[in-house]
Structure formats: C-alpha cells, structure tokens
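Thanks for sharing this one. Here are a few notes to read alongside the coordinates.

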Amino acid sequence: MPGLQMSGALPRRKWRRKRETVSQAPFARGINFRTRHLMQDLRTLMPHSKADTKMDRKDKLFVINEVCEMKNCNKCIYFEAKKKQDLYMWLSNSPHGPSAKFLVQNIHTLAELKMTGNCLKGSRPLLSFDPVFDELPHYALLKELLIQIFSTPRYHPKSQPFVDHVFTFTILDNRIWFRNFQIIEEDAALIEIGPRFVLNLIKIFQGSFGGPTLYENPHYQSPNMHRRIIRSISAAKYKEKQQVKEVQKVRKKEPKTLVPHDPTADVFVTPAEEKPIEIQWVKPEPKVDLKARKKRIYKRQRKIKQKMDSGKTK
Amino acid sequence: GSDSDSDNSLVTDRELQDAFSRGLLKPGLNVVLEGPKKAVNDVNGLKQCLAEFKRDLEWVERLDMTLGPVPAISGSEVPTSQNKAQRAVNPEDDFQREISFYRQAQAAVLAVLPRLHQLKIPTKRPTDYFAEMAKSDQQMQKIRQKLQTKQAAMEKSEKAKQLRALRKYGKKVQTEVLQKRQQEKAHMMNAIKKYQKGFSDKLDFIEGDQKPISRDKKAGAKGQQVKKRLGVLGCWSALHSAKRRYKNQKFGFGGKKKGLKWNTRESYDDVSSFRAKTAHGRGLKRPGKRGSNVSEQGAQKRPGKRTREKMRNRT
C-alpha cells in the first residue's frame, strides 16, 4: 500500500464508541439489537475508531472523559438507550471541546437487504454537507464536529487509500439526515450502502459531556412528550364523549316544566269516526310462515341424511 | 378541551389586588401562564467555541464538501428565489427526500473527483486489489438473490398479465374472424345457388353484389371486399376448374345424383374420360411402381402383341 509514512497529522485523531446498559440490575438491558448493529456498522466504517465496553448507569458522564484519555482518543461517540425505546447519541470532543446530544431516529443498518452497495472496509469517506450548515452558527459548529469525527485520517494504518464512498449530511425538517453512498462510476452513479439514521439535536454544551449550554433546539420535543401528546389526544376524545353523556343524563333528570293546557290547541282537532264493532265468529286461518316451513323441511332432510350416513358407515 | 396550568399559588393575593385595581384582571378564571420557553442560543459562545476547537487541517485530510444538490435535468436556468422554493423538499415525501440526498451526494462527488485526481488519490480500485469489504460476500450474495427473486416475480406477473390480455384479445379477434368468414361464405353460397338455379344469369356476385341484401353502405362495402378477396380465384374455381365441376356435380345441389341410369346413349357416347396415354400404358408418373428397372427414359414401352403384329404386317 502506498504512502504509509507517518505524517505529523497522523494518529492524533481516534474515536471511540461506547454503549450504556444497566449491567448489574436483573432486568433486561437497555440496548436493543438495532442499536448494537448500528454501533458495529459505524465501527466497520470508521477504521480510526476504538470500541469500549458498556458503562454502568451509576457513573456520571464525565467519567467518559477519563476513559477517553486512557485510550488515547480525543473524540467520542456515546450511545445511550432509555426505556428500551429511545436512543440518544452524544458526540463530543473529549478534553475540553464542545459536545452535542442528539435523539436518533429511523435507524436502518448495513445488513438490510435494500442497501445494495458495498465498499472497502476502511476506505476513506468523502463528506458531503448541505449548504444550510454554513448558514447558522450552531450548524457550523456541528459541521466541524462531524468532519473531525467522521473523516478518516490519511495514511491511517487500518485505512485503505481509496475514496470510494460518500457520507451525506442533510438538514431537513430541523433534523440531520445521514446517508452513505457507494461511488460506482466516475460520473457519480451512486448506490446506497447504509446505515442510515436521523439525528434530532437536543442541546450543545460547551464542555465535554457537561458545561454551560450553548444552544438548545426549540423544535425538539422529547419522545416522552410526543407519546404523551398522542395518548392525550385519544384520551381527550374519550373524555369528551363521557362528558357529553353526563350532561345528557343530568338534563334528563331535571324536572320538566309543565306547560298549562292551551284551549286553543283543541280547536281544529276532529275526533275520528266511529267504526262498527266487528266480532269474529270464525277462527282466522293460520298464517303460513314460509321461512319456518322451509327450516322444518330442511331440518328433517338433514336428520334423514344423517341417519342414512350413519347407517352406511355401520 | 384546553389544558390550563393552574399554578396560581405562585401569585400572591397582594399582587392580584394590585392588578385588579389597575384593571388588568378580567372576569373569569384567571390562570398564570408561562411565557413561551426561551431556547438558549448563545451565538457568540458558539462562534468562540468553534474558533477554539476548529482544526485547520489540509483539505486532503478532511475530504469535505459543502454543496447543494445537483439541479434536476428538466429545470433550466431559474432565478435564485425560485431555486430556494424548489429546494424546499417535503420531508414527508420519501421519494423526493431520498432523491435530494442522492443529488447532493452526486454534486459533491462531481466536484471532488477532479481535485482528487489532481492530488493523485485513487478512487477506483484496481481489479487485482482484493481486500476486505464492509459487507461480507455472504451478505452480498443474499442481496443479489433477493434482487433476482424480486425481478423474477415481477417478470412473471407481467407475463401473466400480458397472457391474460392476449387471450382476451385473441378470443375476440378469433370470434370476429370466424363470424366474418361465415358471413362471407353464406353470402357467396346464396349468390351461387341463385345463379345455379337460374334465378339470375348474371355473374355479378363475383364482382360484388350490386343488389344489396341489406341496403346500407356497410354491406355494399363488404361486397366490394368480398369481390376483392375472391377475385379471380373465386371466379375460376366456381366455373372452370374440373375438380370443382366434378365436385359440384357429385355433391352439389340440384337434383338426384345416385340411382341414375348409367348405360344410356349419352353416357356411352361420352368419351371425355378417355386418356390416350393411360390407355396405351404410358404417362404413369409414380416412381417405383414400374418394376425395378427404370429403363423407360422417355422412350416408349415395348408395344403389345397386336400392335407388333400390325407393325409387322405393315412393313
């Protein structure tokens, strides 16, 4: 492989990933299979990364900084799963730099059969950003952070010298969408390799895993709140129905006001003519109920048939 | 219903009285609402932080590109304001969204490739370079299989659809053609019958019926078509072909055929079925039936006894 000189800018940048779970509690883990696969996929795509073990929930977040220093890394991606449903991701620049917390949604891993592309393991990626990243200061900060994390250093020992895939970061609907495409032809024909996910920014902190808040996303709604709202909508519907019913009940029980009899109302009332009294001396014919008759006939037939069948089998 | 936060414990009576005297309180249930939550946006702090931790690496190390998506091929030069409106991709529309991501990646690739070539960074893997891929071969095999089955299923359904449509259409066409043929045949037969029975001594039906059976234009046109189709062949076969005449005589209409007298004067005088060659034993064209030797090569066969005696007596 050409160019294996260790240039000055070399292994200063290494990244690391961790996951969190309740290691001591007897109930189930916080991380599900999809998250685990996502982490594995990111490790495959970033040869400059080192994985770390699960962390105990009891420890505070700044412990991560120490672990980073021990492993000689200066960036960190930290995954955190809550309630077995929500996945949060921290991106941070380890010793003093800024960090950001995201909610991760719409995860699709490398192993999905719809992602048909493939790339060299450890090849350097091309990073493509939306122009919106340059417009707002918090996006500019995020862009720098993402560049420093996701780009593979040149001449890294585990990297391949080719550039054959591209990461896209796009801003849509106040979220960051991540896609990974393989470059097939020189005329920019692309196939998706995967994985893909969506990052919903929550907060940017000045320090690593702590420190004063630099930015808070006003469009962010915590997944709990989201679920709560959905539930309250359906609950509100039910409540409204109940309320209406109650009101009706109360109204029925109210004493009705008696309206005095109005003599003028009877003016146009004419009593009906008197009919002659008819006495039936003969019993009327029984009405023929066709349906009942049919049913009887059918039942009889069935019985006969059953008898014959049972006779045959005997 | 409206959810109202009832945090009125925070507001003291004194304050309420003040507000009332100033006329700020209105009748009804007054609640303390929180103002809209102010999100922290420390722009200066952000910029400072960015300046601090930003690293000025060479572009080669970072390989980043910030570009909008490739414009659609159909769109021509549009002013920038329209461009922005166009760029507002609907995030709910999956296809549009993915296409915009794809085009953004394309734009980046197209912009970067020349630079990479300048810097002598390879983008194409040589064919003899074998290295581990991000997805294992097994995985790629699975993917290929899935694609194949999908394709096969699609083709099958397409074929089935086409077959169904074809069958329907074919059936329709078949019935039409049969009916048409039947009609033409009936038409022709009627006309021939009439001619044979002597009701009309004109052979107009061959050229196309002038006396229409149904008096609309379509029938007339059909007559023309019939004429065209039958044309010369029909005319010939109806009148001149010996085979036709024989068959007409034997199987055609017009009187009793079997049980007629045979040895009448007319039948005796009728020498039309005399073939000289057959009578003299020549002209048989069936190979292999004339014995083993094929010595008769256009030459005559050895004449019979009587003919030989005659020849002898002549000379």
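1. A word on terms before anything else: a residue counts as buried when its relative accessible area is under 20%, and as exposed when that area is over 50%. Please also keep in mind that this is a predicted model.

2. With that cut-off, A:S208 is easy to place: its relative accessible area is 9%, so A:S208 is buried. Along the chain, A:S208 sits in the loop that links β10 (196-207) to β11 (210-216) of chain A.

3. What surrounds A:S208? Leaving aside residues up to four places away in sequence, A:S208 touches A:N65, A:S92, A:N93, A:S94, A:P95, A:H96, A:G97 and A:S99. With A:N65 there is also a side-chain to side-chain polar contact, at 2.6 Å.

4. Helix α3 of chain A (residues 137-150) passes a simple geometry check: at 1.5 Å a residue, its 14 residues should span 20 Å, and the end C-alpha atoms are 20 Å apart, so the two values agree. As for cover, 14 of the 14 residues in α3(A) are buried.

5. Now to chain B, which has twelve helices and one strand. Where does the strand fall? The order along the sequence is α-α-α-β-α-α-α-α-α-α-α-α-α, which puts the strand after three helices.

6. On cover, 16% of the 315 residues in chain B are buried. Chain B exposes about 27,200 Å², with carbon and sulfur atoms supplying 53% of that area.

7. One last item for chain B, on contacts: of those between residues at least 6 apart in sequence, 49% join residues at least 24 apart.

Conventions
Residues numbered from 1 in each chain as written. Chains lettered and ligands numbered in written order. Predicted model: local features only at pLDDT ≥ 70, side-chain atom pairs only at ≥ 80, totals over all residues. Heavy atoms only, no water. Helix = DSSP H or I, 4+ residues; strand = E, 2+ residues; numbered from the N terminus. Expected span 1.5 Å × (residues − 1). Buried < 20%, exposed > 50% of the residue type's maximum accessible area, 1.4 Å probe, protein only. Contact = heavy atoms within 4.5 Å. Areas by Shrake-Rupley, 256 points an atom, 1.4 Å probe, with all protein chains shown as cover. Polar contact = N/O pair within 3.5 Å; in protein donor to acceptor, adjacent residues only side chain to side chain.
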